[in-house]
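Q: Hey, can we go through this one together? I'm new to reading structures.
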Amino acid sequence: MVRVSKWVALLTVILFSLSIIAGCGGGGTPAPTAPVEEIKIGLIAPLTGDVKTFGESVKNAFELAIEESGHKVGDFNIKYVIADDRNVATEAVNVADKLITQDKVSAIVGSVTSSCTIPISEVAQAAGVVVISPTATNPKVTVDGGKRKDYIFRACFIDPFQGTVAARFALDELGAKTAAVLFDQGNDYTIGLKDYFKEAFVAGGGQVVAEEAYAKTDTDFSAVLTRIAQLKPDVLFLPDYYQKVSLIGKQARDKGITATFLGGDGWDSPEIDWTAMDGGYFTNHYSPEDPRPEVKEWVDKYTAKYGQTPDALATLAYDATKLLLAAIEKAGSKDPAAIRDAMASIEGFQAVSGSISFDENGNPIKSAVILQIKDGAQKFVTIVNP
Ligand code: PHE
């Protein structure tokens with residue numbers, strides 16, 4: 001008996017000491033878990049400069065999408081870094097370089113314009129970092145001389161489609177026979193869109209009576225517009241961004257040009273000259289008047305947060321960010337190669353701007369809308385399926 005109680009006493013002492021060691025920190029403390037890993041995402045957009053309303057919309061929508069995710073994707077906490085390219089190609093390369101080498105992002109949403117996104121795509125492809133541009137429509141964003149840049153994707157249609165839609169609309173709906181075209185000779189987007197429009201317009205029996213180049217810094221178009229006024233074209237095609245087309249449009253009317261103005265997605269800004277451009281038509285990616293419930297829900301929540309109707313840039317940036325998060329979740333990894341593969345395999349993703357599946361070049365096949373600038377607002381005219 002005595003021996004047993006001696007062992008019991010010893011055991012009690014041991015157990016007592018162990019409970020003191022285990023109990024330090026207080027009773028009821030949960031077992032420590034592994035720290036949650038972080039995934040870094042970059043956003044590049046023109047937050048200042050000549051197309052700053054594009055950048056503002058894209059940033060708003062990107063942040064809204066991240067906020068809705070609870071700053072989480074799969075098992076990762078999201079950390080994001082925002083950079084301004086000012087719509088200057090050299091700056092776009094600088095900030096892409098910084099996001100990749102210093103911030104070590106796994107993926108980038110951006111940029112907005114084709115002239116900035118093409119050089120970004122080259123840097124990111126070489127570094128093996130995923131890029132999804134919400135809005136850059138030039139084919140060269142995802143393909144380089146026929147070779148696919150497989151880390152690069154976009155959430156929008158491309159300019160061969162957009163240019164064809166504009167040309168067919170001019171021929172079939174406006175009954176146009178002649179067109180004059182002005183374009184920025186240093187801008188990939190305007191050069192491409194001009195070429196695709198011209199090709200489809202001529203193929204459909206139309207005639208391009210003037211094709212005039214200008215430089216980004218030009219502000220006086222009177223010489224060119226005087227010539228065009230004499231040619232009396234049915235349409236004046238202006239494939240540039242809102243600031244430049246507003247300037248050209250105003251000067252064209254001052255010269256007595258009565259042609260219908262026509263353009264592309266670059267017109268989509270609250271800062272377009274509503275008076276000068278009144279009556280003009282442009283191709284775009286979405287209309288807030290689309291009756292689909294997902295569009296209504298999106299317009300309501302964006303308007304509630306930012307006090308304005310989301311434009312196509314906001315809508316595509318929201319879709320691009322959601323797509324990227326879906327790809328990261330599917331990959332279950334922050335390795336860009338895994339995210340790239342997951343992104344490429346996404347099919348029928350229900351985005352606000354329509355259903356998204358990628359073709360072999362990372363381009364979604366989507367419909368376009370035609371909007372008219374009328375009485376200070378954008379009016380829905382028609383939708384064109386691919
Ligand atoms: N598509 C334009 C480009 O490639 C960018 C843009 C998209 C502008 C949508 C406005 C609206 O440069």
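A: Sure, and here's a term to start with: a residue counts as near a molecule if one of its heavy atoms lies within 4 Å of it. Also keep in mind that this is a predicted model.

Q: OK, so which residues come nearest to the ligand?
A: There are 13 residues around the ligand, and the ones that come nearest are S114, T135, T137, Y241 and D265.

Q: What does T137 put next to the ligand's nitrogen atom?
A: T137 places a polar side-chain atom 2.7 Å from a nitrogen atom of the ligand. D265 also uses a polar side-chain atom, at 2.8 Å from a ligand nitrogen.

Q: And T135, is that backbone or side chain?
A: Backbone: an N or O atom of the T135 backbone lies 3.0 Å from a nitrogen atom of the ligand.

Q: How much of the ligand does the protein bury?
A: 100% of what it exposes when taken alone, which is 330 Å².

Q: Switching topic: how is the chain divided into domains?
A: Domain 1 is made of 37-157 plus 291-366, and domain 2 is 160-284. Their C-alpha centres lie 28 Å apart.

Q: How many residues does each domain put into the contact?
A: Domain 1 gives 20 residues and domain 2 gives 20 residues.

Q: What does UniProt say about residues 38-376?
A: An unreviewed UniProt entry annotates them as "domain: Leucine-binding protein". In the model, that span is 42% helix and 22% strand, and its end C-alpha atoms lie 45 Å apart.

Q: What about the backbone, is the peptide bond from G110 to S111 cis or trans?
A: That bond is cis, with omega near -15 degrees. S111 sits in the loop between β4 (107-110) and α4 (114-127).

Q: Why point that out?
A: Because most peptide bonds are trans, and most residues other than glycine have a negative phi.

Q: Then what is the phi of H71?
A: H71 isn't a glycine, yet its phi is positive, at about 60 degrees. You'll find H71 in the loop between α2 (52-68) and β2 (72-73).

Q: Last thing: what is the mean pLDDT of the chain?
A: The mean is 93, and 91% of the residues reach 70 or more. Over residues 15-27, though, the pLDDT is below 50, and that stretch has zero contacts in the model beyond near neighbours in sequence.

Terms used
Residues are numbered from 1 along each chain as its sequence is written. This is a predicted model: local features need pLDDT of at least 70, side-chain atom pairs count only at pLDDT 80 or more; totals for chains, interfaces and linings use all residues. Side-chain values use heavy atoms; hydrogens and water are left out. pLDDT is the predictor's confidence in each residue, from 0 to 100. Contact means heavy atoms within 4.5 Å. UniProt positions are given in the numbering used here, feature names are shortened, and annotations may be inferred rather than shown by experiment. Helices (H or I, at least four residues) and strands (E, at least two) are DSSP runs, numbered from the N terminus. A polar contact is a pair of N or O atoms within 3.5 Å; within protein, one must be able to donate a hydrogen and the other to accept it, and residues adjacent in sequence count only if both atoms are side-chain atoms. Accessible areas come from the Shrake-Rupley method with a 1.4 Å probe; for residues, only the protein chains shown count as cover. Domain bounds come from an automatic or database domain assignment.
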